[in-house]
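Please open the structure in a viewer with a cartoon representation and keep the selection panel at hand. The tour below proceeds one selection at a time.

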Amino acid sequence: MEIQLQELIDQIKKDGVAEAEKEASAILQSAKSEAETILSDAQAQADRILSQAKLENERLVKSSEDAIRQAGRNLLISFRESVIRELSAVTKENVDSVYSSDAFSQLILRAVEGWAAHPEAGELTVILNNEDLARLEDVLLAELKARMLNGVTLKASDQFDGGFRIEKKDEGIYYDFSAESVVEMLTNYLNPKVAALMKEAE
């Protein structure tokens, strides 16, 4: 009887140990599986964060490059505008200088001679501002007479600051050599050349 009891105790122990080992193995397997899932999720999360960081970095780099390009374009545009303003100021200064010098009367006479050379020119009127007409009238009349340029009259106008206009009498057709028009014409002529030079320098 005692032997049977011992066998029973041994069997119970054996069964208990086997069950405990089985349960421990299951717990260990579950823990291992859960650890792998956690590790896999952590890796996926890390990959997502890394991918987002890479995309954000690329966006920032592109944004910075675009900003630098735009700043460069703005600087170039600003520089061109500055050069054009300076060119316009220099042109105006030179035109004003010529129009206020003794050469102005010769310029008017050459323009009139050029007009008068055409058979269909007819009678011409040279229009000057009040100040220039008062200053140049005697010289111009004497030169017109000396060059036998008949049919040319001088007239004052307060419509422009400097320069002159040549008008075909009674036809309303005129050529504008006012300081403002000449500066605009020269500036428009020079601007593309300046732009081309600056394009070469880029």
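In this predicted model, begin by selecting strand 1, helix 3 (residues 130-146) and strand 2, which together make a right-handed β-α-β unit. Next, reduce the selection to the two strands: strand 1 (residues 124-129) and strand 2 (residues 152-157) pair in the parallel sense over six bridges. Asn-129 has Ser-157 of strand 2 as its bridge partner.

Now add strand 3 (residues 163-168), which pairs with strand 1 in the antiparallel sense over five bridges. Here Leu-128 has Phe-164 of strand 3 as its bridge partner.

Extend the selection to the whole open sheet, whose four strands have the order 2-1-3-4 with mixed pairing. Strand 2 and strand 4 (173-178) stand at the edges with a single partner strand each, so one side of each has no neighbour in the sheet. On average, neighbouring strands are turned by 20 degrees against each other, direction ignored.

Restore the helices. Helix 3 lies across strand 1, strand 2 and strand 3 and runs at about 175 degrees to strand 2. Helix 2 lies across strand 1, strand 2, strand 3 and strand 4, at about 20 degrees to strand 3.

Finally, select helix 2 (residues 103-116) with helix 3: they pack at an angle of about 50 degrees, their axes 10 Å apart. The two helices are therefore oblique to each other, and helix 2 passes helix 3 in a right-handed crossing. To inspect the contact, display side chains including Phe-104, Ile-108 and Val-112 of helix 2 and Arg-135, Val-139 and Leu-144 of helix 3. By class, this contact has eight nonpolar, two polar and three charged residues.

Note on methods: Residues numbered from 1 in each chain as written. Predicted model: local features only at pLDDT ≥ 70, side-chain atom pairs only at ≥ 80, totals over all residues. Heavy atoms only, no water. Pairing = 2+ DSSP bridges. Right-handed = clockwise from strand over helix to strand, strands pointing away. Axes fitted to C-alpha atoms, helices over the stretch in contact; angles between N-to-C directions. Parallel < 35°, antiparallel > 145°, perpendicular 65-115°, else oblique. Left-handed = near helix turned anticlockwise from the far one by under 90°. Contact = heavy atoms within 4.5 Å. Nonpolar A, V, L, I, M, F, W, Y, C, P; charged D, E, K, R; others polar.
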